[in-house]
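Open the model in a viewer and have the selection panel ready. The tour goes from the overall arrangement to single residues.

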2 protein chains.
Amino acid sequence: MCEANVYMLQEDGEKTLVMEAVDKVIPGKDELFMENIFGERKTIKARIVEMALVDHQILLKKADDTAE
Amino acid sequence: MCEANVYMLQEDGEKTLVMEAVDKVIPGKDELFMENIFGERKTIKARIVEMALVDHQILLKKADDTAE
């Protein structure tokens with residue numbers, strides 16, 4: 001299976017796990033919907049920073065700091 | 001390997017292949033950088049519509065029609 005783990009990138013560079021084994025990701029305006037292979041769903045205010053699919057890793061940042 | 005194929009979703013609902021075997025995806029302001037497992041790179045004006053990782057599929061739309 002090729003699902004990925006989704007992490008939130010903190011201000012200090014640390015990563016915290018948001019959801020593991022994520023299959024579907026649908027970005028919205030200021031939020032992100034995700035669903036994992038267990039059928040669990042989450043919508044959080046975040047944007048995608050980077051995806052590294054071979055490493056099964058999706059990095060997010062809080063949507064608040066999108067104003068750059 | 002858990003790379004994905006990236007498709008552009010057309011107005012008529014058709015999908016056209018943008019790049020296959022994509023490993024890294026980095027969204028920018030109005031554009032999307034991607035790199036596949038062969039080291040090929042592409043930056044296109046698009047946004048992610050949906051990712052279905054278990055299906056190895058990432059759907060994009062042209063960045064122009066983001067105004068909803």
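Start with both chains of this predicted model. Superpose chain B on chain A: a turn of 180 degrees with a shift of 0.0 Å along the axis lays one on the other, at an RMSD of 0.0 Å. That is how a two-fold axis relates two copies. To locate the axis from chain B, select B:C2, whose C-alpha is the nearest to it in that chain, at 2.6 Å.

**The interface as a whole**

Next, select the residues of each chain that touch the other. The selection should hold 21 residues of chain B, in contact with 21 residues of chain A. Of the interface residues of chain B, 100% are also interface residues in chain A, so the two copies meet through the same surface.

Now show the surface. About 1800 Å² is buried between chain B and chain A, and carbon and sulfur atoms give 67% of that area. Which residues of chain B lose the most area to chain A? Select B:C2, B:M51 and B:L53; together they make up 37% of what the chain B side buries. B:C2 is thus worth keeping displayed from the axis step, where its C-alpha was the one nearest the axis in chain B.

**Polar and charged terms**

Switch on the polar contacts across the interface. Six residue pairs are in polar contact between the chains, counting pairs with both residues at pLDDT 80 or more. How many salt bridges are there between chain B and chain A? The count is zero.

Then colour the chain B side by its elements. Strand 2 (15–27) and strand 5 (46–52) each supply at least two residues to the side that touches chain A. Strand 2 gives the most, with six residues. Coloured by residue class, that side of chain B divides into 15 nonpolar, one polar and five charged residues.

**Strand pairing between the chains**

Select strand 5 of chain A (residues 46–52) together with strand 2 of chain B. The two pair in the antiparallel sense over two bridges. Zoom in on A:M51, whose bridge partner in strand 2 of chain B is B:V25.

**A hairpin within chain B**

Finally, leave the interface selection and pick strand 3 (residues 32–36) and strand 4 (residues 41–44) of chain B, which pair in the antiparallel sense over four bridges. On these strands, B:E35 stands opposite B:R41 of strand 4. Strands 3 and 4 of chain B form a hairpin with four residues between them. Stop at B:G39 in the turn, where phi is positive, at about 85 degrees.

Technical notes
Residues numbered from 1 in each chain as written. Chains lettered and ligands numbered in written order. Predicted model: local features only at pLDDT ≥ 70, side-chain atom pairs only at ≥ 80, totals over all residues. Heavy atoms only, no water. Contact = heavy atoms within 4.5 Å. Buried area = accessible area lost by both parts, 1.4 Å probe. Salt bridge = Lys/Arg side-chain N within 4 Å of Asp/Glu carboxyl O. Polar contact = N/O pair within 3.5 Å; in protein donor to acceptor, adjacent residues only side chain to side chain. Nonpolar A, V, L, I, M, F, W, Y, C, P; charged D, E, K, R; others polar. Pairing = 2+ DSSP bridges. Least-squares fit on C-alpha atoms with pLDDT ≥ 70 in both.
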